[in-house]
Structures are given as structure tokens and as C-alpha cells.
Amino acid sequence: MIQEMTSTEDVVAALRRCDAFVMISHVKPDGDTLGAGLALGLALEKLGKRVCYYQQDAVPRTLRFLPGAERISSTLPANLPEDTLYVFCDMSDMARAGTHVPRLSPENVLDIDHHLGNGLFGAYNYVLPTECSTGTCVMHLLRELGVQIDAGIATCLLTTIMTDTGGLMHSNTSPGALELSAELMRLGADKEKITREIFSNKRVAATKLLGRVIGAMHFSHDGRYCWSAVDDEMLSQCGADGEDTEDMVNVLLGQEGVEVAALFKAYDGELRVSLRSTGRVNVQAAAASLGGGGHFRAAGLDCSGTLADAVKSVDSALVAQGL
Ligand code: AMP
Ligand code: MN
Ligand code: MN
């Protein structure tokens, strides 16, 4: 396996050379993985390329407004050429794309990402961990490619920035991220729509669920750690579903004195954990020690076993990182 970073010029040469593309986003998709793939795909289509958009899960309600979202499918056409380039957006390893992706040779893989510890799993790896979103990595590629960013592409790209920076609030909101955001607004990105669809306009069921999550908060380690949990019963009692838990972990992190927060999501036959840090404790390292991944201040993992086991092992992994 070739495990190297690829230069912007070499990635762009591969984009020009190939005629067919499949844009692949990670399971439980967010605004970055979908927005980045759609932006690059829509731009490649302007160059006359054939592009498909693949996602194993359904597109979340809050992201269906994304230009091109209606094109995203959980199946692939049978007649794709052999030299199709499969573009994985916003994931540190291929497994994050789910279990239904066909077996691929690395030669056919372009990995575009900004996660710490990306496995450089493609023949082409465009991995920039200092970027705030995978979408801004795509923006650098589009500039080199010389494609005009239209209003739809700009909306996709601004969505990647706004979702991965928590509405331009997280520490990854660099001056560069703000400059790119301003440029995207000038190109016609619909910031009001992004704000309305993703950040405001909450379902009442989601707000009721948030009340339950807040009611179940646990504090430990002298108030530096806050965790809570959601299960199937809480969801059904509130009339909510898993999509309504998006971002709730940030409410836990926002409590006075809290440095690390965890939300345990035990529903739909799975147990997943979202971790967030204010910057002293590396939650990516804690998650990676338990088979997950992410960024220094935002990470996640999948667990097997009981909720009580998961709470215990996450606590130990966080203590090992200095909690
Ligand atoms: P989330 O808490 O689901 O919003 O995820 C926070 C960050 O952790 C994102 O960058 C995810 O890509 C990453 N992440 C979440 N779950 C996993 C996992 N099971 N394996 C690797 N990375 C993950
Ligand atoms: Mn993501
Ligand atoms: Mn991302």
C-alpha cells in the first residue's frame, strides 16, 4: 500500500485524467462529509465528468437541503468503468464508509480528509489536518482545478465549514476559515438557509430529548468530566430519533468547569460514543485507544458490550489522557 501525502498538483492531475467518479461519505453522515463530496462532484460534473454519490445511510433531515443531495444513493450503478476514482471524504479509514462498499484497489482511491491519524489508505491522499473541514481541502483543489465555484457548490462548501466549526465557534475557526467563508458568501453561498436548516428550527421532540439528556448528566473528576446517555426508550418517549442527538454533546461540554464531555448513544442496536474536549485532554487519542478516532477536541467510537462497560472504559481512556 502506498502511504504518502499527494501534492495538490498530483491530485488535480488525477481528477483531470479520470472520467468517472464515485463520491463516498462516512456512515451517520454529517455536513462535512456530504458537503465536501457534493461540492467536488458538482464541480467535476461541470468539467463533463460522470459522477455518482454514494452513502450507505439515509441523508439526515437537516442536510437534505444541500444542492445535489437528492442524487445521493445507497447503491452503485453496475456499469462503472474500471478506472473509476472512488473519492472518500472526511474519514480516517475506509471502514468508516460502512460495510457495503465494494472491495477496491488503492489505485482507484482518493482520500480527502482533515482527521488526525488518517491511514493514508488511497493511492492519492489529500490529508490536511490543519484545515477546519474536508470541504476547505476540496476548496483548495477546486482553485487549482480552475473550476468556477457556483452558488450551489459554495453552499455545500460553507456547510462543511459551519458544521465542523459548530457555527464558526470551535477553536478550528481560524482566520483562514473565516476568509474562506466570506469568499463563499460572495460566491452566493446561502448562509441563512444553512443556519435555518441545520442550527435553528429544532424539532420539539429534539428539545424534549435534550431536556432528558440534561436531566441525566453525571459529573465527576472534580466537575471536569460530564457524561450522559440516550437509549431507545428515551427516544420513543420523546418522539425523537438518533438524528435528534446531533450536537447534544456540546451542551454537556458547555457546562461551567467541564473540560471533557461524553454522550453515550445506545439505540438502534448500536452503542456509540461522542467525545468533546475544551482543549487540554486529547479525546482523539482516548477514542483511538478504544478503536475510534477523530480530532483532538472532537472524537468518537463504537462500543460493544453494555453501557456500564462503555462508561467505565471511556473513563479509563480519558484518565490515561490526563483527565
Ligand atoms: P461525532 O461525535 O459522531 O460527531 O464524531 C466526532 C468526530 O469523531 C468526527 O470527526 C468523526 O469522524 C469521528 N468519529 C466518530 N465516530 C468514530 C469512529 N467510530 N471511528 C473513527 N472516528 C470516529
Ligand atoms: Mn465527519
Ligand atoms: Mn470533518
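**Val230 in strand 8 and its surroundings.** Val230 belongs to strand 8, residues 225-231; helices (H or I, at least four residues) and strands (E, at least two) are DSSP runs, numbered from the N terminus. In this predicted model, local features need pLDDT of at least 70 and side-chain atom pairs count only at pLDDT 80 or more, while totals for chains, interfaces and linings use all residues. Residues are numbered from 1 along each chain as its sequence is written, chains are lettered from A and ligands numbered from 1 in the order in which they are written, and side-chain values use heavy atoms, with hydrogens and water left out. Val230 counts as buried because its relative accessibility is 1%; buried means under 20% relative accessible area, exposed over 50%, and partly exposed in between (1.4 Å probe, protein chains only). Not counting residues up to four places away in sequence, Val230 touches Leu209, Val213, Leu235, Thr245, Leu263, Phe264, Lys265, Ala266 and Tyr267, where contact means heavy atoms within 4.5 Å. Arg212 is 18 residues from Val230 along the chain, and the C-alpha atoms of the two are separated by 8.4 Å.

**The site of the manganese ion (ligand 2), with its protein donors His26, Asp30 and Asp90.** The donor atoms are NE2 of His26, OD of Asp30 and OD of Asp90, lying 2.0 to 2.3 Å from the ion. Donors are N, O and S atoms within 2.8 Å of the metal (3.2 Å for Na, K and Ca); water is not among the atoms, so sites may look incomplete. Along the chain, the donors of ligand 2 follow the spacing H-x3-D-x59-D. Asp30 and Asp90 link distant parts of the chain, 60 residues apart. Asp30 sits in the loop between strand 1 (20-25) and helix 2 (31-46), and Asp90 in the loop between strand 4 (85-89) and strand 5 (109-113). Both of these aspartates are buried.

**The site of the manganese ion (ligand 3), coordinated by Asp32, Asp90, His114 and Asp164.** OD atoms of the three aspartates and NE2 of His114 coordinate the ion at 2.1 to 2.3 Å. In sequence, the donor residues are spaced D-x57-D-x23-H-x49-D. Asp32 lies in helix 2 and His114 in the loop between strand 5 and strand 6 (124-127), so this pair ties together parts that are 82 residues apart in sequence. Asp32 is buried, with a relative accessible area of 0%, and His114 counts as buried at 3%.

**Asp90, which coordinates both manganese ions.** The manganese ions, ligand 2 and ligand 3, are 3.9 Å apart. Asp90 has a phi near 70°, a positive value in a residue other than glycine. Its relative accessibility is 3%, so Asp90 counts as buried.

**Thr134 in helix 3, in contact with Asp32, Asp90 and His114, among others.** Helix 3 spans residues 134-145. Leaving aside neighbours within four places in sequence, the contacts of Thr134 also include Ala36, Cys89, Ile112 and Asp113. Thr134 counts as buried, at 0% relative accessibility.

**Ser25 in strand 1 and its polar contact with Gln55.** The side chains of Ser25 and Gln55 meet at 2.6 Å. A polar contact is a pair of N or O atoms within 3.5 Å; within protein, one must be able to donate a hydrogen and the other to accept it, and residues adjacent in sequence count only if both atoms are side-chain atoms. Ser25 is buried, with a relative accessible area of 5%. Outside four places in sequence, Ser25 touches Thr33, Leu34, Tyr54, Gln55, Cys89, Met91 and Ala97.

**Ligand 1 and the 13 residues that surround it.** The closest residues are His115, Ser274, Arg276, Gly293 and Gly300; a residue is near a molecule if one of its heavy atoms lies within 4 Å of it. A polar side-chain atom of Ser274 lies 2.7 Å from an oxygen atom of ligand 1, and one of His295 lies 3.4 Å from an oxygen atom of the ligand. A backbone N or O atom of Gly300 lies 3.2 Å from a ligand oxygen. Of the 480 Å² of accessible area that ligand 1 has on its own, the protein covers 83% (Shrake-Rupley method, 1.4 Å probe). Strand 10 (270-277), strand 11 (293-294) and strand 12 (298-303) give two or more residues to the shell, and strand 12 gives the largest share, 5 residues.

**Asp268, a residue with positive phi in the loop between strand 9 and strand 10.** Phi of Asp268 is about 55°, although the residue is not a glycine. Strand 9 covers residues 260-267. Asp268 counts as exposed because its relative accessibility is 54%.
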